[in-house]
Amino acid sequence: MATEAYITGVGQSQIGQKLARHPLLLTLDAFKEALDEAGLTVDQIDGVATYPGRMGGYLGFSPVGVDEVIEGFGIKAKWRLGGMELSAQLGAIAAAADAVKAGHARHVMCFRTVYEAAAMARPDEYPMPKRGRVDGMSQWTAPFNATSAVTWTAQYAMRHVKKYGLTREQLAQIALNDRKNALLNPRALVREPLSMDQYMSARMIASPLCLFDCDRFSDASTVVIVSAGDAVDEVKCTPIRIAASAGAVDRDSWDQAEWMASYATGRELWKHTDYKPKDVDTVQFYDGFSFLALTWLEALGFCEVGEGGRFIEGGQRIAIDGELPLNTFGGQIGAGRLHGFGFAHEAVTQLRGNGGERQIPGDPKVAVATSGGGPLATALLLARD
């Protein structure tokens with residue numbers, strides 16, 4: 001039984017919009033890159049995990065499942081996982097870590113593939129879901145026309161505006177930082193800088209969130225290989241230890257939770273490690289909407305609850321050369337909507353010193369990567385020993 005779990009290979013496909021390449025082939029591109037970095041072969045992969053699995057009714061959101069990968073890539077799997085019943089996207093990586101520690105597998109391929117931009121351009125091939133009735137989670141949101149997560153995210157953000165004095169100029173720093181860092185990432189989807197004037201004059205989507213507070217649909221795949229501690233002698237790259245993980249899941253109901261799941265997750269993470277917030281060299285925080293990244297700063301104790309706006313004011317603290325570099329690859333607002341896995345990919349990239357122009361200074365050894373923040377949340381604490 002392995003006592004530790006490590007991230008070994010990481011890989012990423014092209015990130016684009018309306019790509020013609022099939023999503024399974026994008027997954028293969030990312031898988032090959034991860035295998036090459038780790039120095040592993042397909043025959044050594046004996047586990048596969050993803051979130052949320054193939055969604056036949058909404059293929060653009062999740063067009064590739066575990067079974068297709070196992071079959072298409074010739075993987076001999078002992079363990080597999082694919083479903084939405086996890087604490088957000090990076091929960092698949094946390095579960096893979098538990099699996100290798102328990103001895104169920106030695107090297108697990110974790111992946112997340114999105115195809116939302118291409119699906120919107122080709123609705124005949126990738127139809128949007130059409131329902132004659134509303135059930136499941138949608139029963140609590142659709143009657144109020146809250147079909148987009150931006151609607152309920154904005155409610156939490158507005159509370160920060162009213163209760164804690166969050167300003168749009170402060171919140172803008174997340175988007176400005178993302179776009180600035182994306183210019184240093186050759187794979188990033190967005191290639192134009194963003195000014196404060198552009199941000200402030202953008203159309204509102206759900207107050208206080210404007211167009212530039214939202215990520216954008218993309219087509220891409222990201223792969224993270226999780227390996228058992230007693231299997232790292234089989235890899236050629238620098239293994240990055242999954243030092244701790246935590247997750248939280250709120251119930252879906254008409255009564256909106258008082259706090260996003262990021263807050264419970266942040267408190268829980270530090271219970272599983274001797275590391276403290278002061279030990280962290282870089283943070284890669286989920287930013288499907290900019291406000292989510294701000295909640296993670298508060299939830300993980302980098303500042304007090306309600307102080308997130310003042311912490312990021314001016315942008316210096318979260319810049320690549322700041323005290324807490326944030327979303328160094330551009331986040332989802334700048335690099336494209338990779339649906340969570342891009343944050344783990346970038347954390348590993350930074351800890352290995354492979355960031356190129358966007359590499360943070362010094363010798364980073366500890367990073368936090370997160371996903372979700374609304375009703376679902378997961379955090380990973382990663383360390384280079």
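## A walk through the predicted model

Lys-18 counts as exposed, because its relative accessibility is 60%, and anything over 50% falls in that class. Keep in mind as you look around that this is a predicted model. You'll find Lys-18 in the loop that links β1 to α1. Its backbone is a little unusual, too: phi is positive, at about 60 degrees, even though Lys-18 is not a glycine. Most residues other than glycine have a negative phi.

Now hop over to a residue that Lys-18 touches. Ala-118 sits in helix α4, which covers residues 116-121. Is Ala-118 buried or exposed? With a relative accessible area of 0%, Ala-118 is buried, because the cut-off for that word is under 20%. If you set aside the neighbours within four places in sequence, Ala-118 is in contact with Lys-18, Leu-19 and Asp-219. For a sense of distance, take Ser-13: 105 residues separate Ser-13 from Ala-118 along the chain, while their C-alpha atoms are 15 Å apart.

Next, step back and find the sheet. Nine strands make it up, and it is open. Reading across, the order is β3-β2-β4-β7-β1-β8-β11-β10-β9, with mixed pairing. The two edges are β3 (79-82) and β9 (282-284), each of which pairs on one side only. Going from strand to strand, neighbours are turned against each other by 25 degrees on average, ignoring direction.

Zoom in on one pair. β1, residues 5-12, runs antiparallel to β7, residues 219-228, and six bridges connect them. Within that pair, Gly-11 stands opposite Val-223 of β7.

Helices lie against this sheet. One of them, α1 (residues 23-38), stretches across β1, β4 (107-115) and β7, and its direction is at about 130 degrees to β1. Another, α2 (residues 66-73), packs on the sheet where it touches β2 (47-50), β3 and β4, making about 135 degrees with the direction of β3.

So how do α1 and α2 meet? Their axes come within 11 Å and cross at roughly 70 degrees. That makes α1 roughly perpendicular to α2, because angles of 65 to 115 degrees get that label. The crossing of α1 and α2 is right-handed. On the α1 side, the contact uses Leu-24, Thr-27, Leu-28 and Phe-31, and these meet Glu-68, Val-69 and Phe-73 of α2. Sort the residues of this contact and you get five nonpolar, one polar and one charged.

Further along the chain is helix α8, residues 261-269. Which of its residues are buried? They are Ala-261, Ser-262, Tyr-263, Thr-265, Gly-266 and Leu-269. Their cover includes α5 (149-164), β8 (240-249), α9 (290-299), β10 (366-372) and β11 (376-383).

Finally, a few backbone oddities in the loops. Asn-327, between α10 (308-312) and α11 (331-335), has a positive phi near 45 degrees without being a glycine. Asn-327 counts as buried because its relative accessibility is 0%. Most peptide bonds are trans. Still, the bond from Tyr-51 to Pro-52 is cis, with omega near 0 degrees, and Pro-52 belongs to the loop between β2 and α2. Ser-207 and Pro-208 are also joined by a cis peptide bond, with omega about 10 degrees. Look for Pro-208 in the loop between β5 (204-206) and β6 (209-210).

Key
Residues numbered from 1 in each chain as written. Predicted model: local features only at pLDDT ≥ 70, side-chain atom pairs only at ≥ 80, totals over all residues. Heavy atoms only, no water. Pairing = 2+ DSSP bridges. Helix = DSSP H or I, 4+ residues; strand = E, 2+ residues; numbered from the N terminus. Axes fitted to C-alpha atoms, helices over the stretch in contact; angles between N-to-C directions. Contact = heavy atoms within 4.5 Å. Parallel < 35°, antiparallel > 145°, perpendicular 65-115°, else oblique. Left-handed = near helix turned anticlockwise from the far one by under 90°. Nonpolar A, V, L, I, M, F, W, Y, C, P; charged D, E, K, R; others polar. Buried < 20%, exposed > 50% of the residue type's maximum accessible area, 1.4 Å probe, protein only.
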